[in-house]
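Q: I'd like a close look at one part of this model, and then a walk outwards from there. Could you take me through it?

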Amino acid sequence: MLFEADLHTHTIASGHAYSTVKELAEAAEKQGLKMIAITDHGPKMPGGPHEYHFGNLVALPRKIGGVEILRGVEANIIDVDGNLDLPERLLEELDIVLAGFHTGTGFDNRPAEDYTRAVLAAIANPRVHLIVHPGNPDFPVDIEKLVLAAAREHKALEINNNSFSISRQGSLPRCQLLAKLAHKHKVQVVVNSDAHIFSSVGNFARAWQVARSAGISEDQVINKTAGRVKEYLGWHRRRGQALQEAETYNGRTSQEKSEVI
Ligand SMILES: [Zn+2]
Ligand SMILES: [Zn+2]
């Protein structure tokens, strides 16, 4: 296996996926993966889990067999301000937060500008680690603006293998453009399976092909190694905390500030 981690997988909790955590982990081990993220859909997805599902992910073991398990979500971006369908306190507890647009979650059929505005706000949210399937033509964000925002925020963008097979028809040219611009602006990418069944775990050959054809090297792919994933997530956690502390500090009166000093 060329890559050690698959950062986008779904269990039966998503409502339209067909395997358990254990089945995904076992399949990952067989594939030679060292890490998977369990990223079920956010609560606004029809048939998706209640927010309790995410609060209780602490129940998952850190490792199943030889595979490290990250606790995550694929949250829905639900408005032009880039809000997600999970409260901050839950996002904060998760190892990894993916965010993207999905039909049926109350944010369909808007003008392209709305999706661009929403995705730019979501990528600036320190809790969000990865914008998923941004090449989806059903939510036609401005790809160049998104890539530039990813560069500014030191965030990665996903190339989703499912976009070239069973979902999101018409994604290929937009993903090729995204990969080309990511290469140009040195934005990191993640190639993910978006597995909804155990047999798809670790299957991102086509996503990698799209990335590689655009000139992206393995060094630019976060999920190349589990260590690189941890470094990326750790960096963003520290950055999020620093931003939060600065915000709290700036929100204080000058009297309170002098007391802190
Ligand atoms: Zn999705
Ligand atoms: Zn997904």
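What covers the buried residues of α1?

A: Quick housekeeping before the helix. This is a predicted model, in which local features need pLDDT of at least 70 and side-chain atom pairs count only at pLDDT 80 or more, while totals for chains, interfaces and linings use all residues. Residues are numbered from 1 along each chain as its sequence is written, and chains are lettered from A and ligands numbered from 1 in the order in which they are written.

Now to your question: the cover over the buried residues of α1 includes β1 (5-9), β2 (35-41), β3 (63-64) and β4 (67-76). Helices here are DSSP runs of H or I with at least four residues, strands are runs of E with at least two, and both are numbered from the N terminus. Contact means C-beta atoms, placed from the backbone, within 7 Å.

The helix itself spans residues 21-31, and Val21, Leu24, Ala25, Ala27 and Ala28 are buried in it. Viewed down the axis of α1, these buried residues fall within an arc of 165°, so they line one face of the helix. That arc is taken from the directions from the helix axis to the C-beta atoms. As for "buried", it takes 20 or more other C-beta atoms within 10 Å of a residue's own; 12 or fewer makes it exposed, and anything in between is partly exposed, with C-beta atoms placed from the backbone. After α1 comes Gly32, with a positive phi near 85°.

It's worth setting α7 (205-213) beside this. In α7, Ala207, Val210 and Ala211 are buried. They cover an arc of only 95° around the axis, which puts them on the same side of α7. The buried residues of α7 pack against β7, α6 (172-184) and β8. Ala205 and Ser213 are exposed, on the face of α7 turned away from its buried side. There's a glycine after this helix too: α7 is followed by Gly215, whose phi is positive, near 95°.

Since we're on phi, two residues other than glycine deserve a glance. Most residues other than glycine have a negative phi. Asp194, though, has a positive phi of about 55°, and this residue sits in the loop between β8 (189-192) and α7. Asp194 counts as buried because it has 29 C-beta neighbours inside 10 Å. His154 also has a positive phi, near 55°, in the loop between α5 and β7 (156-160). With 12 C-beta neighbours inside 10 Å, His154 counts as exposed.

How values were computed: Two residues are in contact if their C-beta atoms, placed from the backbone, lie within 7 Å.
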